Amino acid sequence: MQYVREHMVRYSLAWLLMALIWAGGLNSGYAQSHVKKPDVVLWVKGLSCPFCAYGLEKKLKKLSVVKDVEVQMDEGKVLIVLDPGQPVTQEDFEPLVARVVKEAGFTLERVEYTSGHVLDASGHPNKTGS
Amino acid sequence: MRSYRTYVGLCMMGILASLGVGVQTARAQSRVPVLKHEPIFGVGPRTIWKGGIGFEVGIAQDRTARNEQLALEYEILYGLTESWAVTLLAEQALNGMRTVFSLRSKFRFFKKDVRGGVYHTAVLGGIRMRDSGGGLDGLMMGLSGAYEGRRWLLFMTARQRIRQARVRDSILLYDVALGVRPVKTTYYQPDLTLMAELNGQLFFPGHRLLGALGFWLTYRNWAFKPGLQWMLFRTNNIDEGKYRWVGSVEVHF
C-alpha cells in the first residue's frame, strides 16, 4: 500500500511537471497579438478563463460580417476585424454583438469603433475610439 | 461592496438551506462531478454557452480499506441557454462492467460579471438510474457559488444525494475549493490553474473530510483535469478511505 501511495504522489507530481513544461513551451511562441488593426473593440465583463471564453470567439466568428477575432483576457477586450466586403451599420451591429456576448455567458460593457468601417445611422463612418 | 455582500449573503443562505434539506445516513461513493470548468472533486456554478456542446472522458480510482474500484466516466454536456446546462453521464465500473446513467442539470440564477472575473451562483439537480437499467435510483440537489477571477478562484458548494431505494444511504456533500493561476497567460496560451479542495461528506451519524490537490490545464477548447484526494478526518463509524484519483479530458465545441 505504501508503494502504491508513493507512486500516486510521484505520478501526480510528474503530471504537474509535464503540464508546466508543456505550458511553458507553448507560452513562449503564442503570446503575440495577431489582430493589429481592429475595426471594432468590444469591452466585455466576466472574461476570467480562456477555456470559458472560447464560446465567445466561436460565436463571434460565426457572424458573417466578422472576419477575425482576438480575445484579450487581462484587458477585458475583444478585437474584431470586419469583412471589408460587407458594409454594416451600428444599428444592426450593436444588438447583434450584444446578443452574442450574452449567449456566450458574458456582459457587453461598451463597443468602440476604431476604423470607420461601421456606418452610423446617417450612413457616415463611425469612429468612437482609437 | 454592497453587491458583494449581497452575493456572499445569497451564497450563505443557499448553503444553509441546502444543509437544512436533511442529513441522512451511511456511506456512498463520491463520483467525479464534472460539469464544465469547476473543481476536480467538487462542483461549480459555471455553465457552457448557449448551444455549446462538451464531451468529457474521465477515469477514477477509489481505494478504500476494503476494496478498490476503477471506473470510466463519459459525459455529454449541452447548453440550453448561457445559464442552463444539462449533462448526461455514464459511469462504467471496470471490475463488473456495470454502467450507471445520470442526468444532471445546472441553472445559474445569479451572475455578476466584473472586469476579469465573475460572481455567480447556480442550483444543481440530477437523477441517477439503477445500474440494472431501469428505474430511478436516486436524486441530487444542491447549490454552488463561486468567484472566478484572473488570479484567484473560490468555490463553495453543498449537495444532497438521496437514494430512493435506501434513504439510509443518502449523503450530504460540501466542498470548498481554492484555485490560483501561478501565471496569467493570454487567451492563446495554455492556462494552468492549481486547485486545493476540502470535500466533506456528512452521514447520519458520521462525518468524513477529504483533502484534494489537482490542476486544470486548458488550451483553447481542450481541458485536462487530474487530481488526487485523500482522507483528512473521519468519525469512528466511517470506513477508512485510502485515496482517490481522477483524470479527465474535456473538449467543448
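This is a short talk on a predicted two-chain model, moving from a strand in chain A to the places where chains A and B meet.

Hi everyone, thanks for coming. Please keep in mind throughout that the model is predicted.

Let's begin in chain A with strand β3, residues 77–82. Is this strand buried or exposed? Six of its six residues count as buried, so β3(A) is largely enclosed by the rest of the structure. You can check that face by face. On one side sit Lys77(A), Leu79(A) and Val81(A), on the other Val78(A), Ile80(A) and Leu82(A), and both sets are buried. I'd point out that a lysine is in that list, Lys77(A).

Which strands pair with β3(A)? One is β1(A), residues 40–45, which runs antiparallel to β3(A) with four bridges. Within that pairing, Val41(A) has Leu79(A) as its bridge partner. Another is β2(A), residues 66–72, also antiparallel, this time with six bridges. There, Val71(A) is bridged to Val78(A). Between β2(A) and β3(A) the hairpin has four residues, and Gly76(A) in that hairpin adopts a positive phi near 70°.

Now the packing. In soluble globular proteins, nonpolar side chains tend to be buried together. Here, the largest nonpolar core contains 33 residues, and the ones with the most contacts inside it are Leu42(A), Leu60(A), Val78(A) and Phe93(A). In chain A, β1, α2, β2, β3, α3 and β5 each contribute at least two residues to this core. Beyond four places in sequence, Leu42(A) touches residues including Leu60(A), Val78(A), Ile80(A), Val97(A) and Leu108(A). The contact list of Leu42(A) also has Lys77(A) and Arg110(A) in it. There is a second, separate core of 11 residues, and among its members are Ile40(B), Ala60(B), Met195(B) and Val246(B).

That brings us to chain B. It has one helix and 12 strands, and the helix comes before the strands along the sequence. Of its 253 residues, 55% are buried. If you take the contacts in chain B with a separation of 6 or more, 54% are between residues 24 or more positions apart.

So where do the two chains touch? I picked two residues of chain A. Ser48(A) lies in the loop between β1 and α2 of chain A. With a relative accessibility of 2%, under the 20% cut-off, Ser48(A) counts as buried. Its side chain makes a polar contact of 3.2 Å with the side chain of Arg46(B). Outside its sequence neighbours, Ser48(A) is also in contact with Met73(A) and with several residues of chain B, including Gly116(B), Val118(B), Glu148(B) and Arg181(B).

My other pick is Thr107(A), in strand β5 of chain A, residues 107–113. At 31% relative accessibility, this threonine is partly exposed. What does its side chain reach in chain B? It joins the side chain of Asp113(B) through a polar contact of 2.6 Å. Further contacts of Thr107(A) include Trp43(A), Val101(A) and Lys111(B).

Last, the voids. How many cavities of 30 Å³ or more are there? The structure holds four, and the largest has a volume of about 60 Å³. Eleven residues line that cavity, and those closest to its centre are Ala104(A), Gly105(A), Arg46(B), Thr47(B) and Trp49(B). You'll recognise Arg46(B) as the polar partner of Ser48(A).

That's my tour, and I'm happy to take questions.

Notes. Residues are numbered from 1 along each chain as its sequence is written. Chains are lettered from A and ligands numbered from 1 in the order in which they are written. This is a predicted model: local features need pLDDT of at least 70, side-chain atom pairs count only at pLDDT 80 or more; totals for chains, interfaces and linings use all residues. Side-chain values use heavy atoms; hydrogens and water are left out. Buried means under 20% relative accessible area, exposed over 50%, partly exposed in between (1.4 Å probe, protein chains only). Contact means heavy atoms within 4.5 Å. A polar contact is a pair of N or O atoms within 3.5 Å; within protein, one must be able to donate a hydrogen and the other to accept it, and residues adjacent in sequence count only if both atoms are side-chain atoms. Two strands pair if DSSP finds at least two bridges between them. A nonpolar core is a set of buried Ala, Val, Leu, Ile, Met, Phe, Trp, Tyr and Cys residues joined through side-chain atoms within 4.5 Å. On a 1 Å grid over the protein atoms alone, a cavity is a set of points where a 1.4 Å probe fits but cannot get out, and a pocket is an open set with protein on both sides within 12 Å along at least five of seven lines; lining residues have an atom within 4 Å of a point. Grid points are joined across faces, edges and corners, and a volume is the space filled by probe spheres set on the points.
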